[in-house]
Amino acid sequence: MWLLTWRDLQYRKLRVLVVVILAGIIMSLLFLMTGLVNQFNHEPYGITQAIPAQQWVLQEGTRGPFTSGGVIPPSAVGELGDTARPVAIGRGGLTRETASPKPIEVMIVGLPSDLLSNTVGRGILAKGRAPQGTDEITIDQRANVSVGEAVRLGGAQMTVVGVTKDTTVLAGVPIVLTDLGTAQDQLFSSREVITAAVVDTAPAMPPAGTIVRTGDQIAANTLVPLKNAIKTIDFVRGLLWVVTAVIIGAVVFLSALERQRDFAILRAMGTPRRSLLVAVALQAVLIAILGAVAAMGLQALIAPRFPMPVRMPPSAFLTIPLGAVVVALVAGAFGLRKVAGADPATAFLGPGA
Amino acid sequence: MNASLNVTDLVVEYVSNGYAVRPIDGRSLQANEGELVILLGPSGCGKTTLLSCLGGILRPTSGSIVVNGTDVTALSGAQLEAYRRETVGFVFQAFNLVPSLSARENVAVPLLLNGVSRRDALARADVLLERVGLAERGHHRPAQMSGGQQQRVAVARGLIRDPRLLLADEPTANLDYISAETVIRLLRELRDEGRVIVVSTHDARLVPIADRVIEMAAEPGASDVDELAVHLEAGQTLFSQGDHSELVYMIRSGEVDIIRVLADGSEERLNTFGAGQYVGELGPLLGFPRGATVRARTDADLTAFGVRQFRRIMQDRSRRG
């Protein structure tokens, strides 16, 4: 069985190579799309898990601090007890002081200095240190800004003192972490406005006009604007599976078609139909696995150059090859039908019959 | 080895273009162990059909085939597969080797696909390749070998399970005389080991080595009938489709219908012939069975001729212009 399969692959090596490359390219896109969706789904948890707070208190009617512009009165913090800390979050623009400055859209997260130090210290710092003054910020590495670089956040001159990782939201918008007052100045031009408060435990009775959400709920809410994008990528993933199936199915079908005479001869010699079916199915599986291996290599080359961050789930390295095998078997079914239909009587026909 | 072959009243009928064809009609033959049987005849006379029946890959319409006491026509499914695998060896026309496999792999493949270990299967293949004089070509693919070498590989493959019955379809058809001689010598050796070997061929040069020769095609008509008056009542049949051909008929008066009998038993009128026309001349001239039924449309008088007499009449007619 192995011999028949392997020798045929060798015999048609050029065709097999082309198909493996094609399937590999398609499956590498599958890997990248999978990594992209996984990144989207994990992205907001980076910041919500870094901020050491279990509960978020928001303005009633708002969906989340990263997606809505609701504010709560600073007095609400006092009502929530000693552990409550105010937070100011909103979109802003950051400009590097280069020859041709281009504004970078960022998500400004302002925290009280002790909470800011704790947050930066929870494994998100890639380089530098936590901001300590009102003119210091950290920014996610996706912004491509270096530690020590002078930048303008809104209208204020700032110094980047740290670069963080896994701190983006809304499909790659870098988070700027800074002092609460600085954030309030840039976002609201007022230190009387906050967008949320964080507390360790949920209050028995939230202050009037507020609601309480967990960090995970906040993260999940941040995904809402990306829902359509994720659906679209999932749809494209489905199409890529179809293309993979068509490529593998076509080559298995052609191979089965060309080998009808061989199968008829082998059937005439008493080879069980099952053995021949397994030989062809094995061929489909091998092409799928070779394509998946090629895809793994290709995605490793492409992912760093991909415009969006790609977070490949380890399970993808199992599920995509397995999916490819299943797809190959389904697509190869047409070829298998040809094999099953090989009539041993045709073995006696002359060449070209 | 106690191979023996008994074929009794074998009939194979199939439908082609809507009408029933009987390439084999009541064929019987016997062969004992150590005999080489040659099925001789032109293309289309049923040689390959008979081989297919003997090999258990085509089920006859009726009749029986008994090989070593096993009624092959009573086998089905897995039993037939086992029969083909264990009792029969095949040597196909045009070699029919698997192009992606080397010579030794081609020989070994029937064993490999039936669970024999690669080592054992290839070792057996090497022995057989040596036997057919191709030990040094074991690693070559079919495309790298001559026709004669490929045919010897095909013979080796047919022998891989040491079958009692070896069926060879036109084994010398595509070979030069040197290669053909090698293959013929090989077949004789295999026969001498006690196998029954059945070879289908149109090559009469093989006849001298045969223990039995089965003429698959009827001889062209050799009747000595000079002239014979035949009278048909309307609706009476002169001869039926599939009958043995012997005489040619000239219509003297009346009309006859030329009728094709279809697979479902229904009839299709192809033509109507009248006085002065001939019917049924091709079958006797070529040795074919009757290709259609001829039935009187009206009362008719005909004259029957043997083929020799018919030829004379035609020659006289062409001389007279």
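Helices (H or I, at least four residues) and strands (E, at least two) are DSSP runs, numbered from the N terminus.

## Model and confidence

This is a predicted model, in which local features need pLDDT of at least 70, side-chain atom pairs count only at pLDDT 80 or more, and totals for chains, interfaces and linings use all residues. Residues are numbered from 1 along each chain as its sequence is written, chains are lettered from A and ligands numbered from 1 in the order in which they are written, and side-chain values use heavy atoms, with hydrogens and water left out.

The model scores ipTM 0.73 and pTM 0.74. Chain B has an average pLDDT (the predictor's confidence in each residue, from 0 to 100) of 86. In chain B, 97% of the residues score at least 70. Where pLDDT is low, the predicted coordinates should not be read in detail.

## Helix α1 and the four-stranded sheet of chain B

Helix α1 of chain B spans residues 47–54. Seven of its eight residues are buried, that is, under 20% relative accessible area, with exposed over 50% and partly exposed in between (1.4 Å probe, protein chains only). Among them are B:Leu50, B:Leu51, B:Cys53 and B:Leu54. Polar names also appear: B:Lys47, B:Thr49 and B:Ser52 are buried. Just after α1(B), B:Gly56 takes a positive phi of about 75°.

Four strands of chain B form an open antiparallel sheet in the order β2-β1-β4-β5. Strands pair if DSSP finds at least two bridges between them. β2 (19–31) and β5 (70–71) of chain B are the edges; each has a single partner strand, so one side of each lacks a neighbour in the sheet. α1(B) packs on this sheet and touches β1 (5–16), β2 and β4 of chain B; contact means heavy atoms within 4.5 Å. The direction of α1(B) makes about 120° with that of β1(B). Axes are lines fitted to C-alpha atoms, for helices over the stretch in contact, and angles run from 0 to 180 degrees between N-to-C directions.

Strand β4 (residues 62–67) of chain B runs antiparallel to β5(B), joined by two bridges. B:Val66 stands opposite B:Asp71 in β5(B).

## The five-stranded sheet of chain B

A second arrangement is an open sheet of five strands with parallel pairing, ordered β6-β7-β8-β3-β9 (chain B). Its edges are β6 (88–91) and β9 (212–215) of chain B, each with a single partner strand, so one side of each has no neighbour in the sheet. Neighbouring strands of this sheet are turned by 15° against each other on average, direction ignored.

Strand β3 (residues 36–40) of chain B pairs with β9(B) in the parallel sense over four bridges. Here B:Ile38 stands opposite B:Val213 in β9(B). Helix α2 (residues 77–86) of chain B packs on the sheet. It touches β6 and β7 (165–169) of chain B, and its direction makes about 70° with that of β6(B).

## Aromatic contacts

Rings of Phe, Tyr and Trp (its six-membered ring) pair if their centres lie within 6.5 Å; planes under 30 degrees apart count as stacked, over 60 as edge-to-face and the rest as tilted. There are five aromatic pairs over all chains. A:Trp56 and A:Phe66 form a tilted pair, 6.4 Å centre to centre, with 55° between the planes. Both A:Trp56 and A:Phe66 are buried.

B:Tyr278 and B:Phe310 form an edge-to-face pair, 5.2 Å centre to centre, with 75° between the planes. B:Tyr278 lies in strand β15 and B:Phe310 in helix α8 of chain B, so the pair ties together parts 32 residues apart in sequence. B:Tyr278 counts as buried at 12% relative accessibility, and B:Phe310 at 5%.
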